[in-house]
Amino acid sequence: MTRRPLLFLALLLSLTAHAQSGMWGSRGIARRFVAREALLFVADGRGVAVYDTTNAASIRRVDIELSDGETRDVALSGHDLVVVASFDGLERFSNANGSLTRLGTITEEGGSTRVAANATHVAAGATKTLTMYRRNGLELERAWQQKLDFPVLALTFVGRYLYASIERRGIAVIDSLTGTEVDTLILAAQGFSGSGSMLWAAAGANGIFAIDTSDPAHPRIIGNAGGGEVNMTDIAVSGTRAFAIQPPDKLYTFDVSSPTEPRLVATRSEPAHVIAASGTRAFISGQIIDVYGLTRQTGVAVRVYDAQNLANLTVAGELHDFAGPLSGVATDGSVAWVVDPPFLRIIDISKTAAPRELSRVEVPQIQDSVRVKNGLAIIYGRGEVNLVDVSNLYAPKYLGTYHSTGTPPSAAALLRDTFVEANYASGLHIVDYSNPANPVQIAGRIWHYLDLAASDDAVYALLQNELLTLDLTDRNKVVDRKSQILGVTQVELAPPASPNPDLLVLREPQGFGIYSLADRFDPTEIFHIDVRTPGLMGTTAKSAWFEKNGFLWRIDLASPTVPLETHLRVTSPMQITGSGADATTEKLVIADRYSLRIYGPDTAAPPPPPPPPPPPKRRSVRR
C-alpha cells in the first residue's frame with residue numbers, strides 16, 4: 001500500500017527541486033506595448049520586459065521579469081509601479097527607471113485580459129468582470145468589482161474616470177472612486193490612446209475616432225477616419241501622429257493635427273499585432289499568419305520606425321531578442337532537440353538547473369514538432385517533414401524535406417528504417433528516406449488523419465472517432481490490423497520513441513484511455529481515467545503527463561488511478577516528452593512556448609565532441 005505513494009513523492013521532490021531553475025531560452029511574443037519616453041514596457045507572454053530605445057539602432061534590454069502565468073497586457077501606475085494582466089490575475093512590479101522588482105500577484109478567477117492605471121488606481125478587465133483597485137503605496141486594495149454580461153475589450157483612464165469598452169455595450173465612463181457609470185458612448189473600441197485632451201479609439205471596420213475628453217465625465221465624439229473594408233484593432237498616438245494596426249499585416253498612419261478631420265496618410269504592409277508611439281517614433285511587433293491560420297515568427301521582437309514623414313516611414317532599428325515561440329522538443333534524458341524556428345537546437349540538459357546549447361542548424365520551412373530516433377530528427381506539423389542528421393550532437397546537418405501535398409495539422413513518426421506522415425487532406429504516407437534529399441513515398445492509405453504514433457513496425461493512427469492500428473512489417477504494404485471506434489484527440493506511446501513500447505495512451509475530450517501493447521497489433525484497454533477537458537499530453541516510461549489550468553498533472557501508468565496535480569507550472573505547452581526507466585529517474589522536458597522547461601534529476605552527460613581530424617600531412621619536396 002505504501003510503495004507507489006513513496007515513489008511518487010520521490011519523483012515530486014526531484015522535479016520540484018528543479019522547477020524554477022531548469023529552464024532554457026526565455027523568449028517572448030509581444031502582447032502589449034507601453035512607451036514612456038525612451039523606455040518600452042512589453043507584456044510578452046513570458047512576463048514583462050523593458051527595453052531602452054534611446055538609440056534605436058542599438059536597442060538594449062534593461063530588464064525582464066518572468067511570470068508563472070502568461071502575461072497579456074501591461075500598464076504604468078505613476079513612475080514607480082508596473083501592473084500586468086496575466087493568466088493568474090494581476091501582477092505587480094516596482095519600477096526604478098526600467099529596473100523591475102516583483103512584488104506579488106493578486107489572484108483572480110479566470111485571470112485578467114486587460115489592465116489600465118493612473119497614479120492612484122488600477123483597473124483590471126476579464127471576460128465578464130471589471131475590478132478597480134486603489135493604490136496604497138505599492139500595494140493594491142480592491143475598491144469595487146462589477147460583473148458584466150460581455151467581455152472587456154479595452155481600458156484606459158482619463159483623469160479619475162475609467163473608460164471601459166465592453167463588447168455589445170460601447171464605452172462605459174465610470175467614476176473610479178465610486179464605480180458609478182456616469183455616461184456611455186455607443187462605440188465599439190478595441191484599443192485606446194490618449195494625447196492631451198483627446199482620446200483616440202481604434203474601432204474595427206469603422207476606423208479611428210477622436211473623442212474630446214475636455215469634460216472627462218461626458219466625452220464627445222468629434223472626428224472619424226479610415227473606416228471601410230478594414231479591422232483596426234489598436235492605435236497609438238503621439239502629438240499629431242497616429243498609428244493604427246490591422247493584424248496580421250497592415251499598419252495605417254494618420255495625420256491627426258485636426259482632430260475633427262483626421263486624415264489617413266498611408267497604408268503599409270507590415271506584420272502588425274502590437275503598436276506604441278513616443279515622440280516621432282512608432283514601435284511595432286507582429287507575426288506572419290499563413291493561409292492555414294498558423295503563425296510564423298519574424299525574429300524581430302521590436303521594430304522602431306522614424307515617423308517624421310508619415311507617408312514614408314523608415315526603419316530606425318530592430319531588436320532580435322528570442323523573438324518567437326519554442327514549438328517542439330524531443331529528449332533522451334541527457335539531450336533535448338528543440339524546435340526554435342528557424343533553428344533546430346541541441347541542448348545539453350544533463351544538469352537540470354544549467355542547460356546549455358551544444359549546436360544548432362537552420363532548417364528551411366521548419367515545421368513545429370520533433371521526434372528523434374537512431375540519430376535522425378524529423379520535424380513535422382504543417383504538412384511537410386524536415387529531416388536532420390543529429391548523429392553528431394555538435395554538428396547537425398539539414399538533409400531535406402518531404403512534401404506530402406497535404407495541409408496542417410499533420411503528424412509523423414519514425415519506423416524502423418522509414419517514416420510515416422499523415423494529415424487530413426492527402427492521407428497517410430510511408431516514406432523511404434534512403435536518399436534524404438529526395439524522400440519517396442513507397443506505400444500509403446487515403447483517408448483523413450488527425451494524429452499518429454508509431455513503433456518499429458506498428459502505426460497507431462487517429463481518424464475522426466476511430467483508432468486504426470496498421471501493420472508495417474512489409475514497408476511496401478500497409479495492412480489494417482484493428483479498428484476501434486473512439487473519440488480521441490491525441491495518441492502517445494510509453495515509453496516514447498521505443499521500438500517496442502509497453503502502452504498506448506489516448507487523450508480523449510473527457511479523459512484518458514490506457515491500452516496494453518502486449519500484442520502490438522491489438523491495443524487493448526486496461527484502464528480509463530475520467531478527466532474533464534484535459535490539455536496537451538506527453539509520456540515518459542512510467543507516466544503520462546498533461547496540462548490543466550496552468551499546472552502539470554501526472555498519471556502513474558504502472559498503477560493508474562486518479563491523476564495527481566504536481567504543482568509544477570506550465571504556461572503554454574506545445575510539446576511534452578520525457579525519458580527514464582522508472583518513476584525515480586524520469587526526466588520531463590516541455591517546449592513551453594516561452595521557454596524550455598526541464599524537470600527531474602541530473603542525468604549522464606552527453607558524449608564529448610569527436611576529436612578534430614588530424615591536419616593533412618605535408619608532403620616533402622625534393623630538391
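**Salt bridges, backbone exceptions, a pocket and a sheet**

Reader: How many salt bridges does the count come to?
Author: The structure is a predicted model. A pair enters the count when a side-chain nitrogen of Lys or Arg lies within 4 Å of a carboxyl oxygen of Asp or Glu. By this rule the number of salt bridges is 33.

Reader: With which residue does Asp44 form a salt bridge, and are the two buried or exposed?
Author: Side chains of opposite charge can pair when their charged atoms come close. For Asp44 the closest N and O atoms of the pair are 2.5 Å apart. Both residues of this pair are buried. The partner of Asp44 is Arg46.

Reader: How many residues apart are Arg160 and Asp175, whose side chains meet in a salt bridge?
Author: In this salt bridge the distance from N to O is 2.5 Å. Arg160 is in the loop between β14 (152–158) and β15 (161–166), whereas Asp175 belongs to strand β16 (residues 170–175). The pair thus links distant parts of the chain, and its residues are 15 residues apart.

Reader: Why does Arg160 count as partly exposed, while Asp175 is buried?
Author: Buried means under 20% relative accessible area, and exposed means over 50%, with partly exposed in between. Asp175 has a relative accessible area of 8%, so Asp175 is buried. Arg160 counts as partly exposed because its relative accessibility is 39%.

Reader: Which partner of Arg356 in a salt bridge is buried?
Author: Arg356 itself counts as partly exposed, because its relative accessibility is 46%. The closest N and O atoms of its salt bridge are 3.2 Å apart. The partner has a relative accessible area of 6% and is therefore buried; this residue is Asp348.

Reader: Which residues are joined into one network by salt bridges that share partners?
Author: Salt bridges can be linked to one another through shared partners. Here such sharing produces one network, and its members are Arg416, Asp417, Asp457, Arg475 and Arg520.

Reader: Which residues are joined by a cis peptide bond with omega of about -5 degrees?
Author: Most residues other than glycine have a negative phi, and most peptide bonds are trans. A cis bond with omega of about 10 degrees joins Pro247 and Pro248, and Pro248 is found in the loop between β23 (241–246) and β24 (250–255). Another cis bond involves Pro409, placed in the loop between β39 (397–403) and β40 (410–414). The bond with omega of about -5 degrees joins Pro408 and Pro409.

Reader: Is Arg593, a residue with positive phi, buried or exposed?
Author: Phi of Arg593 is near 65 degrees, and Arg593 is placed in the loop between β57 (587–591) and β58 (596–599). Because its relative accessible area is 15%, Arg593 is buried.

Reader: Is Glu37, with positive phi, buried or exposed?
Author: Glu37 has a phi near 55 degrees and is found in the loop between β2 (32–36) and β3 (39–43). Its relative accessibility is 68%, so Glu37 counts as exposed.

Reader: Which element gives the largest share of the lining of the second largest pocket?
Author: The second largest pocket holds about 910 Å³ of space. Its lining has 40 residues, with Val34, Thr156, Phe192, Ser193 and Gly194 nearest the centre. Among the elements that give two or more residues to this lining are β2, β6 (71–77) and β18 (191–195). The largest share, six residues, comes from β14.

Reader: How many residues of the lining of the second largest pocket are nonpolar?
Author: The lining divides into nonpolar, polar and charged residues. Eleven are polar and six are charged; the nonpolar residues number 23.

Reader: Which are the edge strands of the open sheet formed by four strands?
Author: The order of the strands is β48-β49-β50-β51, with antiparallel pairing. An edge strand of this sheet pairs on one side only, and the two edge strands are β48 (490–494) and β51 (524–530).

Reader: Which residue in β50 stands opposite Arg507?
Author: Strand β49 (residues 503–508) and strand β50 (residues 511–516) pair in the antiparallel sense over six bridges. Opposite Arg507 stands Phe512.

Reader: Why is β48 largely enclosed by the rest of the structure, and which residue in β49 is the bridge partner of Ala494?
Author: Five of the five residues of β48 are buried, so this strand is largely enclosed. Gln490, Glu492 and Ala494 point one way, and Val491 and Leu493 the other way. β48 pairs with β49 in the antiparallel sense over five bridges. The bridge partner of Ala494 is Leu503.

Technical notes: Residues are numbered from 1 along each chain as its sequence is written. This is a predicted model: local features need pLDDT of at least 70, side-chain atom pairs count only at pLDDT 80 or more; totals for chains, interfaces and linings use all residues. Side-chain values use heavy atoms; hydrogens and water are left out. Buried means under 20% relative accessible area, exposed over 50%, partly exposed in between (1.4 Å probe, protein chains only). On a 1 Å grid over the protein atoms alone, a cavity is a set of points where a 1.4 Å probe fits but cannot get out, and a pocket is an open set with protein on both sides within 12 Å along at least five of seven lines; lining residues have an atom within 4 Å of a point. Grid points are joined across faces, edges and corners, and a volume is the space filled by probe spheres set on the points. Ala, Val, Leu, Ile, Met, Phe, Trp, Tyr, Cys and Pro count as nonpolar, Asp, Glu, Lys and Arg as charged, and the others, Gly among them, as polar. Two strands pair if DSSP finds at least two bridges between them.
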